[in-house]
Structure formats: structure tokens, C-alpha cells
Amino acid sequence: MTKNDERTVLVVDDEPGHRLMVRAVLEDVGWKVAEAPNGEKALAMLDAVQPHVALVDMKMPGMDGVTLMRELHARTPDLPVVLLTAFGSVGSAVEAMKQGAFNYLTKPADNDELAAVLEKSYEYRRLIDENARLRLPQDEAIVGGSANIARVRELIDQAGPSEATVLILGESGTGKELVADGLHRASVRARKPLIKVNCAALPADLLESELFGYVKGAFTGAVKDKPGRFQLAAGGTLFLDEIGDMPAHLQAKLLRALQEKVVEPLGSVKAVETDVRILAATNRDLRADVASGRFREDLYYRLAVLEIAIPPLRERLSDLPLLAGHLLRKLGKKNNKEIRAVSPAFLEALTRHNWPGNVRELENVLERALILARADVLGPELLPPQLAGLAGSSCPSGTEGGAEAAANADTTHAGLEDAMEDAEREALVRALDTYTGHREKTADALGISRRTLQYKLKKYGLTKR
Ligand SMILES: Nc1ncnc2c1ncn2[C@@H]1O[C@H](COP(=O)(O)OP(=O)(O)OP(=O)(O)O)[C@@H](O)[C@H]1O
Ligand SMILES: [Mg+2]
């Protein structure tokens with residue numbers, strides 16, 4: 001990782017003298033410089049060097065600079081490429097800019113200008129990395145390698161940017177709120193507020209005034225106007241959680257708000273226009289509630305323009321290793337404690353449990369274990385009571401006495417790391433296949449940064465895929 005903390009430039013030029021000069025100038029201002037005499041060599045060393053910026057001569061024997069730039073971008077789309085052109089061929093440099101060069105310099109480049117242009121390109125690169133993080137804070141990634149979860153992510157990508165109302169279905173703790181966050185972030189409303197209302201948490205009267213607001217004097221205690229969440233969400237997204245628990249008369253009022261795009265604050269005769277996108281979630285079987293008359297059919301169809309159903313964790317146990325890894329990283333940050341791996345016995349118990357509380361339950365199990373752990377590997381003795389019996393006979397979970405337990409831990413250690421690595425490689429391969437090798441999507445799916453992905457691909461010899 002240390003290599004990547006230094007800012008690195010890849011200089012591609014067929015003239016050794018010019019490479020030498022550039023190296024001297026750039027090293028002087030703190031760059032790490034990697035050199036290649038032609039395009040083929042540059043591409044071959046790309047994975048090893050992982051440059052932040054590439055400085056490429058336009059005219060080289062063999063692959064020319066613009067072709068090399070295209071090849072570089074095919075592999076690392078965000079890499080800023082600065083082209084060096086001979087004096088007088090600025091026309092073709094401008095053409096190259098249109099094709100995606102970050103900037104160009106005429107040769108021989110002025111030292112200060114060279115340093116300044118590279119500095120800018122580095123800043124640009126950092127901005128892109130930051131934006132990527134803004135788009136998808138890693139702790140909020142929807143992790144899982146199963147086809148089910150891949151489908152959920154795909155639906156978010158497709159439905160996110162649209163204005164469609166989305167109904168998110170799933171048992172408690174399956175990640176409904178996480179999906180709502182993802183949809184909002186993927187929308188054009190991402191920079192506007194995402195306002196959440198839990199329809200099950202408030203008594204009916206309060207829910208009504210929270211949603212639609214009220215005017216002064218609407219009821220005793222209404223001493224001034226109060227905007228509802230509909231108004232607070234203006235321009236953004238309103239997430240109606242536990243919509244299945246909304247009382248009947250509010251269902252009618254909500255339907256009207258959705259159809260006519262206006263709300264009437266309590267005590268007011270004036271309708272207020274609203275501009276919100278609605279997302280809703282429930283752990284109830286809404287169709288059944290419609291059939292039994294508990295939930296309005298017309299409202300159901302308004303809400304379920306698109307449905308995203310998140311399957312319970314017990315139906316996608318193959319997600320467990322990835323989820324556990326992701327959650328342990330997240331919890332590790334929160335608790336300031338690093339866990340490197342889980343033991344095979346611990347993992348086995350996880351796969352035997354039926355997870356009525358889904359991912360939230362998993363998160364709790366892991367947090368408890370992480371807090372109690374005395375080493376950086378989670379053993380079966382750290383399982384909570386509801387899972388303790390599931391760890392299998394190979395691991396005496398009640399074993400006490402330090403020396404013996406420590407010796408046991410040591411002998412299982414090598415095997416454990418192999419097992420974790422096998423699982424990790426497997427997950428990488430599956431994610432790469434799902435996203436046909438697209439690096440950014442693969443990294444997002446796995447909940448790791450692109451740099452980490454790059455590193456792991458190299459580690460497992462998967463870079464050529
Ligand atoms: N696929 C996933 N990848 C990563 N984290 C997840 C995933 N699914 C759920 N989580 C995490 O599990 C916890 C529970 O998720 P969330 O609150 O979104 O569930 P929910 O369906 O809204 O639950 P409830 O019905 O109880 O409100 C959160 O901390 C969330 O970040
Ligand atoms: Mg929730």
C-alpha cells in the first residue's frame with residue numbers, strides 16, 4: 001500500500017534523454033517516476049505501477065500516444081493522461097483533448113509548466129476518487145455475491161435515476177433502508193434531502209401532522225406554522241418506512257398527495273405543491289393486506305410502480321463470508337479494533353443459523369464477538385447463545401484453559417487463512433463474472449475500494465480477466 005500513497009507518474013517516451021530530464025524535474029517536486037520507452041511496455045507495467053497520472057509522448061514508433069491513451073483508458077478510465085506534442089502539432093493535440101486527454105504540453109516542456117500541469121491532473125484524479133466515494137460511501141455499499149443481491153443492485157442502478165416510486169419489500173433487517181439510501185444516491189435528487197418517516201413509530205395524529213405539517217391554530221398547541229416532511233423533502237426524496245402500518249384515513253390522504261402532487265397542512269384550506277419522489281418500504285405482505293382490505297389497492301399500485309424485494313438472509317447464505325468481512329471492517333472502524341478473519345468453526349455456525357433478524361442480526365452477532373475478542377481472529381467461543389450450539393463437533397466451544405486453547409488456535413490457523421483466501425478468490429471471480437470484468441462495479445459490489453480490488457486481483461493472479 002505504501003507505493004500507492006506516493007503520487008506516481010508513468011512517463012512514456014521513446015527518447016531516453018527526454019525521459020531523464022522529465023524524471024529530474026518531477027522527482028524534484030515529489031513525484032515517483034516510472035518510465036516506459038513505448039506503449040506496449042507501458043501497458044505491461046500498468047498494474048504494477050498503478051500510476052495516478054500518465055505523461056505520454058504523442059509521436060512514438062509502434063503504438064502512438066493517442067492509441068496508448070485509448071488503451072490506458074480502457075483499463076483505467078479515470079487515469080488522467082497528459083500528452084506531449086512536438087512544437088507546431090498543436091492541432092492534433094487539441095484533437096487528442098477531444099478524445100479524452102486531460103491536457104497537453106509542447107515539447108520540450110517548460111519545467112514549471114510541467115510540474116503545474118501534473119499537479120492539476122493529480123488534483124483532478126483525487127476529485128474523481130472523492131466523487132466516487134461520495135456516490136457510494138463504502139460503509140453503505142450493498143454487499144453480497146449471490147444472484148439475488150446482484151439483482152437488487154441492478155434494480156437500484158436502473159430505477160435509481162428515474163422518478164419512479166419504488167416499493168421495497170423485505171423482512172426486518174434485510175437492508176430495506178440501505179436500498180432506499182442507494183436509490184436516493186443514484187437519483188438526480190441526490191444532493192437534495194432524503195427525508196425518512198417511520199409510519200409505524202408514530203400515533204396516527206402525530207404521523208399526519210409530521211407528514212403534512214400544520215398551520216398556526218390548527219389545534220391547541222399549534223402556536224405557529226410547521227412544515228411537514230413532504231415540504232422538508234422538497235426537491236428530494238421522501239422515504240415512507242413501514243408503509244404497511246399506515247392507518248386507513250392517512251392512506252387516502254397520501255394517495256391524494258401522490259396523485260395531485262399537493263398536500264394540505266392541517267388546519268389550512270390552501271393546498272401546497274410538492275416536489276418529492278416517494279420511496280416506501282414494508283416488511284408486511286402488502287398484497288395480502290390489499291386482499292384483506294387492510295391496505296388500499298389504489299395506493300398499492302401507486303407505490304409499487306417498481307418493486308424491489310430483498311430475500312431473507314437464510315435464502316442467500318452464500319452472501320455470509322462477504323457480508324461478514326464487510327461488516328467486520330465497518331464495525332472495526334466504529335469500535336477501533338481490527339479483526340483479520342473468522343475461524344472456520346465460527347463461519348460454519350453462521351451458515352447453520354436461520355437468521356430471523358437477517359443482516360441486522362448478523363451485524364449484532366459480529367459486533368458482540370468483535371468487542372469480546374482478544375485476538376484478531378474470531379473463534380466459536382465468541383458466538384452468542386442462539387448460535388453457540390451450531391459450531392459443529394470439531395471445535396469444543398467450551399474449552400477453557402489458556403495454553404490448550406492457544407495451541408488449538410495455532411494449528412487451525414494456516415488452514416483458516418487458506419480457507420479465507422479461497423473464499424475471497426471465489427467471491428472475486430464471481431463478482432468479476434457478474435460485472436463482466438467492470439472494475440468499478442465489481443469493487444462496489446464487494447464493498448472495497450478500486451485500489452484494494454486492484455491489489456487483490458494481482459494477489460490472486462486475476463488481472464488478465
Ligand atoms: N447487503 C448488505 N450489505 C451491507 N450491509 C447490509 C446489507 N443489508 C443490510 N445491511 C446492514 O444491516 C443493517 C440493517 O439494514 P436496514 O436497516 O437497511 O434493514 P431494514 O430492512 O430497513 O430493517 P427493518 O425492517 O428492521 O427496519 C444496517 O446496518 C445495514 O447497513
Ligand atoms: Mg428499516
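**Helix α16 and the shell around ligand 1**

In the predicted model, the buried residues of α16 include Asn358, Val359, Leu362, Val365, Leu366, Ala369 and Leu370. These residues lie on the same side of α16, because the arc they cover around the axis is only 130 degrees. Such a pattern follows from helix geometry: with 3.6 residues a turn, residues three or four places apart point the same way in an α-helix. The buried residues of α16 are covered by elements that include α14, β16 (377-378) and α17 (385-388). On the face turned away from the buried side, α16 carries Ile371 and Leu372, which are exposed. The helix consists of 15 residues, and the distance from its first C-alpha to its last is 22 Å, close to the 21 Å expected at 1.5 Å a residue.

Helix α16 also takes part in the surroundings of ligand 1. The ligand is surrounded by 18 residues, of which Val143, Gly175, Lys176, Glu177 and Val359 are the closest. Two or more residues of this shell come from each of α8 (176-185), α14 (320-335) and α16 (358-372). Val359 is thus listed both among the closest residues to ligand 1 and among the buried residues of α16. By residue class, the shell comprises six nonpolar, eight polar and four charged residues. Domain 2 (141-311) and domain 3 (316-398) each supply at least three residues to the shell.

Over the whole protein, 20 helices and 16 strands are present. Of the 465 residues, 35% are buried. Contacts between residues at least 6 apart in sequence join residues at least 24 apart in 69% of cases.

Definitions and conventions: Residues are numbered from 1 along each chain as its sequence is written. Chains are lettered from A and ligands numbered from 1 in the order in which they are written. This is a predicted model: local features need pLDDT of at least 70, side-chain atom pairs count only at pLDDT 80 or more; totals for chains, interfaces and linings use all residues. A residue is near a molecule or strand if its C-beta atom, placed from the backbone, lies within 6 Å of it. Helices (H or I, at least four residues) and strands (E, at least two) are DSSP runs, numbered from the N terminus. Ala, Val, Leu, Ile, Met, Phe, Trp, Tyr, Cys and Pro count as nonpolar, Asp, Glu, Lys and Arg as charged, and the others, Gly among them, as polar. Domain bounds come from an automatic or database domain assignment. The expected span of a helix is 1.5 Å times one less than its number of residues. A residue is buried if 20 or more other C-beta atoms lie within 10 Å of its own, exposed if 12 or fewer, and partly exposed in between; C-beta atoms are placed from the backbone. The arc is that of the directions from the helix axis to the C-beta atoms. Two residues are in contact if their C-beta atoms, placed from the backbone, lie within 7 Å.
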